Amino acid sequence: MAQDPIPDAPIVDCHAHIFLDDMPVSRSAWTQTNYPFTAQDFLDTLDRHGVHFGVISGLSITGFYNDYMISELRRNARLRGTAIVAPETDRYTLERMRDDGIVGIRLQLARQPSLPDFRDDSHRLLFRRVRDLGWHVHVAIEGPLLRPVLDALNETGVNIVVDHFGHPDPADPLRCDGFAAMLGSIDLGRTWVKMSGGFRLSGTAAWQSDPDADGDVIASEVAAELLRRVGPQRLLWGSDTPFVGYEGRITYAHTLERFRSWVPDASARAEMSRTALKLYFS
């Protein structure tokens with residue numbers, strides 16, 4: 001029986017990761033895991049907390065290895081996923097991924113020493129194929145680098161989902177350029193923002209350099225402004241379970257409690273659930 005710590009848990013967890021303990025790791029991985037968190041582990045977590053559906057985010061540390069995620073999406077109608085793919089990926093491969101439960105591609109750009117040219121031929125073709133399939137581009141990057149990525153994506157007309165509140169500058173989250181760029185992109189009508197990973201908002205290196213930093217303070221401030229400026233129709237919630245880099249410091253119940261704190265109005269939370277169902281499961 002589900003043990004829901006809040007009376008109206010979200011219908012969709014829009015951000016989680018699954019992996020085995022022996023998956024290939026990219027040479028540029030920012031960390032490594034030494035434990036498994038399987039699709040069944042995730043589904044069991046959802047069931048314990050009264051959440052019905054889940055979206056698996058492509059795992060940065062395994063690069064283009066989407067195989068395990070795809071195999072689990074095939075088996076579980078409650079799950080969808082975003083894949084990290086090479087820009088040269090052809091339409092036939094993307095169509096097969098769509099049939100298996102993939103609903104978008106993830107640009108995992110955080111902690112990268114340099115960014116690709118998103119206006120080159122291969123990326124322009126990839127984004128057009130993503131648009132033609134009705135998918136979205138899921139962007140994970142530090143806020144100061146967000147504007148040029150959004151500018152390039154918005155030129156293609158593709159749908160966009162911005163990860164982790166847009167990782168605004170922790171020194172001035174509501175007045176930094178990344179936050180302004182994100183709001184401008186939302187105004188164009190094809191961008192959504194995930195309220196996820198609030199504990200990460202002290203910086204993408206804080207998990208190691210400042211593990212006791214309270215990113216949730218920033219998340220609360222940004223959440224209130226997003227609700228005021230854009231409303232729940234453009235907002236999503238995700239747990240970021242199993243909290244890679246923060247294992248033992250964050251629990252699933254904590255993320256649900258923070259969501260209720262960020263979005264205190266029950267009708268707004270319900271609207272966010274409807275937004276997630278339409279974006280990922282329609």
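## A right-handed unit around H6

In this predicted model, strand S6, helix H6 and strand S7 make a right-handed β-α-β unit. The helix of this unit, H6, covers residues 177–187. The two strands, S6 and S7, run parallel and are joined by 3 bridges. Strand S7 takes in residues 191–195, and its residue Val193 stands opposite Val162.

Helix H6 also lies across the two strands that it links, S6 and S7. The direction of H6 is at about 130 degrees to that of S7.

## The crossover from S5 to S6

Strand S6, residues 159–162, has another parallel partner in strand S5, residues 136–140. Here 4 bridges join the two strands. One of the paired positions is His138, whose bridge partner in S6 is Val161. Between S5 and S6 the chain passes through helix H5, residues 146–156. This β-α-β crossover is right-handed.

## The sheet as a whole

Strands of a sheet pair through backbone hydrogen bonds, and the pairing can be parallel or antiparallel. In this model the sheet is open and is formed by 8 strands with parallel pairing. The order across the sheet is S1-S2-S3-S4-S5-S6-S7-S8. Strand S1 (12–16) and strand S8 (235–237) stand at the edges. Each of these two has a single partner strand, so one side of S1 and one side of S8 is left without a neighbour in the sheet. From one strand to the next, the twist averages 25 degrees.

At the S1 edge, 3 bridges join S1 to strand S2, residues 53–57, and the two run parallel. Ala16 has Ile56 in S2 as its bridge partner. Helix H2, residues 67–75, packs on the sheet and touches S2, S3 and S4. Strand S3 covers residues 79–83, and the direction of H2 makes about 155 degrees with that of S3.

## The second largest cavity

The structure holds 4 cavities of 30 Å³ or more. How much space lies in the second largest cavity? The figure is about 90 Å³. This cavity is lined by 13 residues, and those closest to its centre are Ile18, Leu59, Thr62, Tyr65 and Met69.

Strand S2 and helix H2 each supply at least two residues of this lining. Helix H2 gives the most, with 3 residues. By class, the lining of the second largest cavity divides into 7 nonpolar residues, 5 polar residues and 1 charged residue.

## The second largest pocket

The second largest pocket has a volume of about 370 Å³. Its lining is made of 19 residues. Nearest the centre of the pocket lie Lys278, Leu279, Tyr280, Phe281 and Ser282.

Which elements give two or more residues to this lining? They are strand S4, residues 102–108, and helix H10, residues 266–281. Helix H10 gives the most, with 7 residues. The lining of the second largest pocket has 8 nonpolar, 6 polar and 5 charged residues.

## Two backbone details in loops

A cis peptide bond joins Thr241 and Pro242, with omega at about 10 degrees. Pro242 is found in the loop between the edge strand S8 and helix H9, which covers residues 252–262.

The other detail concerns Arg111. Phi of Arg111 is near 65 degrees, which is a positive value in a residue other than glycine. Arg111 is placed in the loop between S4 and helix H4, residues 121–132.

Methods. Residues are numbered from 1 along each chain as its sequence is written. This is a predicted model: local features need pLDDT of at least 70, side-chain atom pairs count only at pLDDT 80 or more; totals for chains, interfaces and linings use all residues. Side-chain values use heavy atoms; hydrogens and water are left out. Two strands pair if DSSP finds at least two bridges between them. A crossover is right-handed if, with the strands pointing away from the viewer, the path from the first strand over the helix to the second runs clockwise. On a 1 Å grid over the protein atoms alone, a cavity is a set of points where a 1.4 Å probe fits but cannot get out, and a pocket is an open set with protein on both sides within 12 Å along at least five of seven lines; lining residues have an atom within 4 Å of a point. Grid points are joined across faces, edges and corners, and a volume is the space filled by probe spheres set on the points. Ala, Val, Leu, Ile, Met, Phe, Trp, Tyr, Cys and Pro count as nonpolar, Asp, Glu, Lys and Arg as charged, and the others, Gly among them, as polar. Axes are lines fitted to C-alpha atoms, for helices over the stretch in contact, and angles run from 0 to 180 degrees between N-to-C directions. Contact means heavy atoms within 4.5 Å.
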